[in-house]
Amino acid sequence: MFGPVLLAASRSDGIRRLVSSAPVTRPVVDRFVAGEQLDPCLDAVRTLTGRGLQVTLDHLGEDTTDRTEALRNRDAYLALAQALGDVGLGPRAEMSVKLSAFGQALPGGHDVALANVRPVVEAAAEAGTTVTLDMEAHHTVDSTLAVLAELRAGHPQTGAVLQSCLHRTEEDALALSGEGSRVRLVKGAYDEPAAVAYQKKADVDRAYVRCLKILMSGKGYPMVGSHDPRMVAIAQELARRLGRKHDEFEFQMLYGIRDAEQQRLADEGHRVRVYVPYGTDWYAYFMRRLAERPANLGFFLRSLATRS
């Protein structure tokens, strides 16, 4: 009910200013965002990896329409790769990037984003880690997959994200199910039109299972991006049935959501990777987290009521 409203709010500058300036917002944001600067984020990474979890780091920023800002985002990731290498976290901490933060929406954006993200992928390899390209709104999918193909030519470990809400995703999953491919499957957190995306939760869930079967049956490395207990159980059963060992796929969950479940799966021997965002441009990410689950919105509203 509230999801479309919150997704629309994520693009509103007026609501951004209101939410960002509210004194109660910061403590709630801290649940989902591991700090605005790199050092606090690395502290969170050390805590998570010390508990046997792995991480993927996202320097927040998206929908960049300024070339200078796109370069700043690139440089932030270069600094992150350097830091991960310096402290020896590369083997347990990879990076997630949104190509819209690298200039994908600019004139000639495909080439701009590719030119900006390529040195990040190279720096990640030097630090002993890799990069996964986040998937954004449906009109960016073709460009993102084309950038992926370019990057994988030199760095085949580069990963991608697919969203089960989109009608096209089963075909994309089949194309990306080959040996060496790394795919994070999520349900999707963007407000997409019916022409390209399923509108009912049950249809998105069924599509998720179909895509998961494709990826689990393939020769690539599936990354199960879901907090849904049913999807987690289905993934475990598919892996068992298809003979996949615990190190031949992984679960991915968001920082601050279902922490106990993350730890339970890790304690059972599963690979569990926590998606850890950080940075000052947290607003759009935060609003999508509220839109995804009523429990998240309830948590925020209770905090507003308690602290008012």
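This is a short walk through the structure, stop by stop, for use with the viewer open. Keep in mind that the model is predicted.

**The whole chain**

Start with everything shown. The protein chain has 308 residues, and 55% of them count as buried. Colour by secondary structure and you can look for 13 helices and eight strands. Show the surface next: the accessible area is about 13,400 Å², with 54% of that belonging to carbon and sulfur atoms. Among contacts between residues at least 6 apart in sequence, 73% join residues at least 24 apart.

**Helix H6**

Now select residues 109-126, which make up helix H6. At 1.5 Å a residue, these 18 residues should span 26 Å, and the end C-alpha atoms are 26 Å apart, so the two agree. Which residues of H6 are buried? Among them are Gly109, Val112, Leu114, Asn116, Val120 and Ala124. To see what covers the buried residues of H6, add helix H5 (67-86), strand S2 (93-97), strand S3 (131-133) and helix H7 (141-154), which are included in that cover. Then step past H6 to glycine 128, where phi is positive, near 80°.

**A salt bridge across the chain**

Side chains of opposite charge can pair when their charged atoms come close. The whole structure holds 21 salt bridges. For one of them, select arginine 184 and aspartate 134, whose side chains meet at 2.8 Å, N to O. This pair links distant parts of the chain: arginine 184 sits in strand S5 (residues 182-186) and aspartate 134 in the loop between S3 and H7, 50 residues apart. Arginine 184 is buried at 5% relative accessibility, and aspartate 134 is buried too, at 4%. Add Asp58 and Lys98 to the selection, and you have a network of salt bridges linking Asp58, Lys98, Asp134 and Arg184.

**Two more pairs**

Move to glutamate 250 and arginine 273, a salt bridge with its closest N and O atoms 2.7 Å apart. Glutamate 250 is in strand S7 (residues 250-254) and arginine 273 in strand S8 (residues 272-278), 23 residues apart. Both residues are buried.

Next, pick arginine 264 and glutamate 261, another salt bridge, at 2.8 Å, N to O. They lie three residues apart in helix H11 (residues 259-267), so about one helical turn separates them. Arginine 264 is partly exposed at 35%, while glutamate 261 is buried at 11%.

**Cysteines to finish**

How many disulfides does a search of the whole structure find? Zero. Select cysteine 211 and cysteine 165: the sulfur of cysteine 165 is the closest cysteine sulfur to that of cysteine 211, but at 9.9 Å it is too far for a bond. Cysteine 211 is buried at 1%, and cysteine 41 is buried at 0% relative accessibility.

How values were computed
Residues are numbered from 1 along each chain as its sequence is written. This is a predicted model: local features need pLDDT of at least 70, side-chain atom pairs count only at pLDDT 80 or more; totals for chains, interfaces and linings use all residues. Side-chain values use heavy atoms; hydrogens and water are left out. Helices (H or I, at least four residues) and strands (E, at least two) are DSSP runs, numbered from the N terminus. The expected span of a helix is 1.5 Å times one less than its number of residues. Buried means under 20% relative accessible area, exposed over 50%, partly exposed in between (1.4 Å probe, protein chains only). Contact means heavy atoms within 4.5 Å. A disulfide is a pair of cysteine sulfur atoms within 2.5 Å. Accessible areas come from the Shrake-Rupley method with a 1.4 Å probe; for residues, only the protein chains shown count as cover. A salt bridge is a side-chain nitrogen of Lys or Arg within 4 Å of a carboxyl oxygen of Asp or Glu.
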